[in-house]
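Trainee: I would like a close look at the nonpolar core of this protein chain. Please set it in the context of the fold and then move outward from it.

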Amino acid sequence: QVHVMESGGGLVQPGGSLRLSCAASGTIYSMNAMGWYRQAPGKQRELVAIFRDGGNIDYAGFVEGRFTISRASAKNTVNLQMDSLKPEDTAVYYCVADAWSSMGGRLMRYWGQGTQVTVSS
């Protein structure tokens, strides 16, 4: 079984910064993609940033150079550095891992439980 866990959310003032971390563990044979989505109250879940197979990175348009996704030194770990945060960035941020399990089967998407980010003065 594959487990995905986020950390690093919290309350920050507009213009501030937060760093989110995500670690995937368990029966991972190979990772295809790993990154972040978010969901604000009353809105659909949307992509924030993601590493795809081959090392390509996709950012959502609203990031506008404010967020940076990076791989941590530990295997199957990614970080999201968020700067110049705006109130509209308030949401639950979810880590996602697209992986093949060493238990066999097809490529699966695994979600973390989410971490709350609140941008408010």
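Mentor: A term first: helices and strands here are DSSP runs, numbered from the N terminus, where a helix needs at least four residues and a strand at least two. The model is predicted. On that basis the order of elements in the protein chain, starting at the N terminus, is β-β-β-β-β-β-β-β-β-β-β. The count is 11 strands and 0 helices. With a radius of gyration of 14 Å, close to the 14 Å given by the globule rule for 121 residues, the protein chain is as compact as a globular protein of that length. Along the principal axes, its C-alpha atoms fill a box of roughly 50 × 25 × 25 Å.

Now the interior. Of the 121 residues of the protein chain, 40% count as buried. In soluble globular proteins, nonpolar side chains tend to be buried together. Here the largest nonpolar core comprises 30 residues, and W36, V48, F67, L80, M82 and Y93 have the most contacts inside it. At least two core residues come from each of β1 (2-7), β3 (18-26), β4 (28-39), β5 (46-51), β7 (67-71), β8 (77-82), β9 (91-101) and β11 (115-119). Strand β9 provides the largest share, with 5 residues.

Y93 is a useful place to look at this core in detail. Setting aside residues up to four places away in sequence, Y93 touches W36, V48, F67, L80 and M82, among others. These five are also listed with Y93 as the residues with the most contacts inside the core. The other partners of Y93 include E6, L20, Y37 and R38, as well as G114, T115 and V117. For the protein chain as a whole, 55% of the contacts with a separation of 6 or more are between residues 24 or more positions apart.

Next, Q81, which belongs to strand β8. Its relative accessibility is 21%, and Q81 therefore counts as partly exposed; the cut-off for buried is under 20%. Beyond its neighbours within four places in sequence, Q81 is in contact with S17, L18 and R19, and also with R66, F67 and T68. One of these partners, S17, is 64 residues away along the chain, yet the two C-alpha atoms are separated by 7.5 Å.

S17 can also serve as a reference point for G104, which is in the loop between β9 and β10 (108-111). The C-alpha atoms of S17 and G104 are separated by 40 Å, with their positions 87 residues apart along the chain. G104 has a relative accessible area of 43% and is partly exposed.

Two other loops hold backbone exceptions. Most residues other than glycine have a negative phi. E64, in the loop between β6 (57-59) and β7, has a positive phi near 50 degrees. E64 is exposed, at 57% relative accessible area. The second case is N76, in the loop between β7 and β8, where phi is positive at about 60 degrees although the residue is not a glycine.

Last, the surface and the charges. The protein chain exposes about 6,500 Å², of which carbon and sulfur atoms supply 48%. It carries 11 positive and 9 negative charges, and the mean positions of the two sets are 4 Å apart.

Note on methods:
Residues are numbered from 1 along each chain as its sequence is written. This is a predicted model: local features need pLDDT of at least 70, side-chain atom pairs count only at pLDDT 80 or more; totals for chains, interfaces and linings use all residues. Side-chain values use heavy atoms; hydrogens and water are left out. The radius of gyration is taken over C-alpha atoms; the globule rule is 2.2 Å times the number of residues to the power 0.38. Buried means under 20% relative accessible area, exposed over 50%, partly exposed in between (1.4 Å probe, protein chains only). Contact means heavy atoms within 4.5 Å. Accessible areas come from the Shrake-Rupley method with a 1.4 Å probe; for residues, only the protein chains shown count as cover. Lys and Arg count as positive and Asp and Glu as negative; His and the chain ends are not counted. The place of a charge is taken as NZ of Lys, CZ of Arg, CG of Asp or CD of Glu. A nonpolar core is a set of buried Ala, Val, Leu, Ile, Met, Phe, Trp, Tyr and Cys residues joined through side-chain atoms within 4.5 Å.
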